[in-house]
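User: I am new to this structure and would like a close look at a single part of it. Please take one helix and the sheet that goes with it, and explain the terms as you go.

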Amino acid sequence: MIRLAAKEDAEQLFLLNKAFNGPQETSLEEVKKSLTGNQQEIVVVAEADGRIVGFICVQIKQSFCYSDSSAEITEVFVLKKHRRKKLASQMISFAEAYCAQYVSIHRITLLTGKENFQAQALYHSLGYRKEEEQLLSKYL
């Protein structure tokens, strides 16, 4: 089942994020706080056998420069034993439909590693195309 995350999902999402990003990235309390108070993020989960086995995060961005909001898929994760079951595709499609209907966006972007060819193939199959922009970042 694909659905929006709820506050009751915090512990399972914390453990999945720990498997995805490592143990130092966040705390259970921060996950709970985000699920109940972060209005700029949509979290979609995939369930199998009563457990959450994957998630995606979508960040909603608003700027006075544009009349519509935009969105960015910032995280996509499915437990290894549940991959190749189209769960990532289903979560992304769910998020796209949700954003189009409830957030009034017309464009979603995402970043993935240059060498992550498996993810790139998935995103291309869903209609995402490479753009000619350069990502720059700076640690503060």
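Analyst: Helix 3 (residues 87-103) lies across strand 1, strand 2, strand 3 (51-61), strand 4 (69-78) and strand 5, and runs at about 40° to strand 3. Such an angle is taken between N-to-C directions and can run from 0 to 180 degrees, the axes being lines fitted to C-alpha atoms, for helices over the stretch in contact. Helices (H or I, at least four residues) and strands (E, at least two) are DSSP runs, numbered from the N terminus.

Before going further, please keep in mind that this is a predicted model, in which local features need pLDDT of at least 70 and side-chain atom pairs count only at pLDDT 80 or more, while totals for chains, interfaces and linings use all residues. Residues are numbered from 1 along each chain as its sequence is written, and side-chain values use heavy atoms, with hydrogens and water left out.

With its 17 residues, helix 3 reaches 23 Å from its first C-alpha to its last, which is close to the 24 Å expected at 1.5 Å a residue; the expected span is 1.5 Å times one less than the number of residues. Its buried residues are Leu87, Ala88, Ser89, Met91, Ile92, Ala95 and Cys99, where buried means under 20% relative accessible area, exposed means over 50%, and partly exposed lies in between (1.4 Å probe, protein chains only). The cover over these buried residues includes strand 1, strand 2, strand 3, strand 4, strand 5 and helix 4 (117-125), contact being heavy atoms within 4.5 Å. Just after helix 3, Ser104 takes a positive phi of about 60°.

The sheet itself comes next. It is an open sheet of five strands in the order 1-2-3-4-5, with mixed pairing. Strand 1 (2-4) and strand 5 (105-110) stand at the edges with a single partner strand each, so one side of each is left without a neighbour in the sheet. On average, and with direction ignored, neighbouring strands of this sheet are turned by 30° against each other. Strands of a sheet pair through backbone hydrogen bonds, either parallel or antiparallel. Strand 1 and strand 2 (residues 41-48) run antiparallel and are joined by three bridges, where two strands count as paired if DSSP finds at least two bridges between them. Within this pairing, Leu4 has Val44 of strand 2 as its bridge partner.

Side chains also link strand 1 to strand 2. Glu47 and Arg3 meet in a salt bridge (3.3 Å, N to O), a term that requires a side-chain nitrogen of Lys or Arg within 4 Å of a carboxyl oxygen of Asp or Glu. This pair links distant parts of the chain, since Glu47 is in strand 2 and Arg3 in strand 1, 44 residues apart. Arg3 counts as buried at 18% relative accessibility, whereas Glu47 is partly exposed, with a relative accessible area of 22%. Together with Asp9, Arg3 and Glu47 are linked in a network of salt bridges.

At the other edge, Arg107 forms a salt bridge with Glu131, and their closest N and O atoms are 2.6 Å apart. Arg107 lies in strand 5 and Glu131 in the segment after helix 4, so the pair ties together parts that are 24 residues apart in sequence. Both partners are partly exposed, Arg107 with a relative accessible area of 42% and Glu131 at 41% relative accessibility. The structure holds five salt bridges.
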